[in-house]
Amino acid sequence: MSRDIQRLAPEVACQIAAGEVIERPVSVIKELLDNALDAKATQIKIDVFGSGIRGIRIEDNGSGIWAEDLLLAIEPHSTSKIRTLNDLYYTPSKGFRGEALASIASVSKMSISSKPALQDHAMQLKVQSGKTSIQPVVRAQGTTIEVMDLFHNVPVRKKFLKSESIEWQAIELLVKKFSLCAPHLQISLYHEEQLILELPAASILEEHAYRIRRLWGKRFYDEAKWIDVERSGLRVWGWLGNLEDHRSQNDRLWVYLNNRIVQDKLIMHALKQVYAPLVPEGRHAQCVLYLELPFDMVDINVHPAKQEVRFEQPRLIYDFMTSSLKTIWTQSVRTDVLTSGTSQHSETIQQHLGFDLNVGKRFFLCNADFIIIHFSAQLYYLIDVVAWWNYHFQKRVSKQSFPWRSRRLAMPYLKDIPLFSHAFCENIKTKLQEFGFELDFWGDERLCIRAIPESMPQLNLNDWVKVLKPKMLLDDLSLNHLLSCCQFSAYDITENDIELIRGDLNDLDPSDTQQFARCLDSKSCRKLFK
Ligand code: ADP
Ligand code: MG
């Protein structure tokens, strides 16, 4: 009886797998740049010939590959970056699948020359049509990888390539994007031996900003607004272009997730939502943003080229992005460059990015909890923002009758919770429905929230779920108090809120304001130093 099923020859399997990682010349460059970065290089030289189809050469001064490892480096699933599946959720390295060199080798004529610092001399591995040879060569510490005649043995793939000029544009764009996730790298890019781009290493924030000026021009650089918001372990920072400088394409919304270049739908959707009311229909804003999350909150292994990601709590990220960016646009003057994390840069940022800290200084952010506001003449108040918000919120909702109105979430919020008894779950569900929540418990370990109170758009669900405790008091007053403490931080404060705070300070007997404000007269300042 004849058999139909046969195991594919390893080189065919590798060429098929290569289709996922190496689609075009730009994918080769992306993988080689990532490798150089992972190897802790500080200088990278990129040479491109014939838009990368004829040849690509990338030279770095990183850690190098030991001679004994050269053959292994081009085997599929060989990597020095992780050992177990779990490691990939904690690795800061760009690569971890051990696929790139094997894939590139299977669809091109490749050579790797490398010298680790402690190896006497460099060795070169040549690979072509599955045949390999190794010989000594001369080079200093680091690695040079040459990829010639891409897809020479996969004509179908070659047929799908776009014109040379489109392939070249994609390469240039990638190198520029890459240069902003590794500002410390000195990068030079050549096409047909002509220097196209040379970026010196940027070791401080101002030089990083200056790199953006090199890429996007003086106008963006002069008019951009600086953003740096950190809340509950999430941080977003970067530069937002002037809103009047909108574009017909969305090609200048560059977002880096934990320093990776990503193309993520959720992030793009969040940006669209923020900018829709701010720029004319069909036009797009510009920004360079860095989103930083704990590594275990995002799965980067969903796509072979690692461009798409999956968030553990998409809704939390979405809301964090939108609320952080909206705050910037609703405040006429940002003063948070004065906060501790960025204070050393404040002067230069002000100089470079056009902040004028002396205009309209009505409040200063001290940290995530406190601000100082200028009340009148020489009168300054220190405000505990969460306490004020709590006070103000209680005042407002005391007039609101139950059940409160709900706001449905764009995406349900899911969270594993400590074991609650069934009776407690039922009880809290009914109680929270009165406050405008829609929620379910899946089993007794997972909570799913679909809607939150309309009057609490800033509710931080992560913080809120943490305060839920078995046997906690479920009366209106205590729930109200707990909820109101989980929804506001000093970073969210806007000019409107400052008006409200001033109103509250005006209306209240000074002894009552003690709940959330202290007048900063000399006596109370002196007390701080006791
Ligand atoms: P991955 O990056 O996922 O580990 P690759 O196929 O891209 O897989 O690379 C395989 C291995 O080769 C890497 O894990 C690394 O040890 C080594 N390597 C590749 N490029 C370089 C380089 N430029 N410098 C030093 N080591 C490199
Ligand atoms: Mg790699």
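**Note on the predicted model: sheets, cores and pocket**

1. Five bridges connect strand 3 (residues 109–115) with strand 4 (residues 122–128), and the two strands run antiparallel. Within this pairing, S113 has Q124 of strand 4 opposite to it. The structure discussed here is a predicted model.

2. The wider setting is an open sheet of eight strands with mixed pairing, in the order 5-4-3-6-2-1-7-8. Its edge strands, strand 5 (131–137) and strand 8 (194–199), each pair on one side only. From one strand to the next, the twist averages 10°.

3. Helices also pack against these strands. Helix 6 (residues 164–181) lies across strand 1 (43–49), strand 7 (186–191) and strand 8, and runs at about 175° to strand 7. Helix 7 (residues 205–216) packs on the sheet as well, where it touches strand 7 and strand 8; its direction makes about 150° with that of strand 8.

4. The largest pocket holds about 1,100 Å³ of space. It is lined by 46 residues, of which N35, D38, A39, S80 and K81 are the closest to its centre. Several elements each supply at least two residues of the lining, among them strand 2 (55–60), helix 4 (100–106) and strand 6 (142–148). Helix 2 gives the most to this lining, with six residues.

5. Strand 11 (residues 253–257) merits separate attention. Five of its five residues are buried. L253, V255 and L257 point one way from the strand, whereas W254 and Y256 point the other way.

6. Strand 11 has two pairing partners to consider. With strand 13 (residues 287–292) it pairs in the parallel sense over five bridges, and Y290 in strand 13 is the bridge partner of Y256. With strand 12 (residues 260–261) strand 11 runs antiparallel, joined by two bridges; here L257 stands opposite R260. The hairpin of strand 11 and strand 12 has two residues between the strands, and N258 takes a positive phi near 45° in it.

7. The largest nonpolar core comprises 85 residues, and I371 and F437 are those with the most contacts inside it. Helix 10 (residues 314–330) gives the most to this core, with eight residues. Another core, of 65 residues, lies apart from it and includes V21, I74, I112 and A182.

8. Which residues does I371 touch, not counting residues up to four places away in sequence? They are F363, F364, L365, C366, Y381, L382, I383, V385, A490, I493, I498 and I501.

Definitions and conventions: Residues are numbered from 1 along each chain as its sequence is written. Chains are lettered from A and ligands numbered from 1 in the order in which they are written. This is a predicted model: local features need pLDDT of at least 70, side-chain atom pairs count only at pLDDT 80 or more; totals for chains, interfaces and linings use all residues. Side-chain values use heavy atoms; hydrogens and water are left out. A nonpolar core is a set of buried Ala, Val, Leu, Ile, Met, Phe, Trp, Tyr and Cys residues joined through side-chain atoms within 4.5 Å. Buried means under 20% relative accessible area, exposed over 50%, partly exposed in between (1.4 Å probe, protein chains only). Helices (H or I, at least four residues) and strands (E, at least two) are DSSP runs, numbered from the N terminus. Contact means heavy atoms within 4.5 Å. Two strands pair if DSSP finds at least two bridges between them. Axes are lines fitted to C-alpha atoms, for helices over the stretch in contact, and angles run from 0 to 180 degrees between N-to-C directions. On a 1 Å grid over the protein atoms alone, a cavity is a set of points where a 1.4 Å probe fits but cannot get out, and a pocket is an open set with protein on both sides within 12 Å along at least five of seven lines; lining residues have an atom within 4 Å of a point. Grid points are joined across faces, edges and corners, and a volume is the space filled by probe spheres set on the points.
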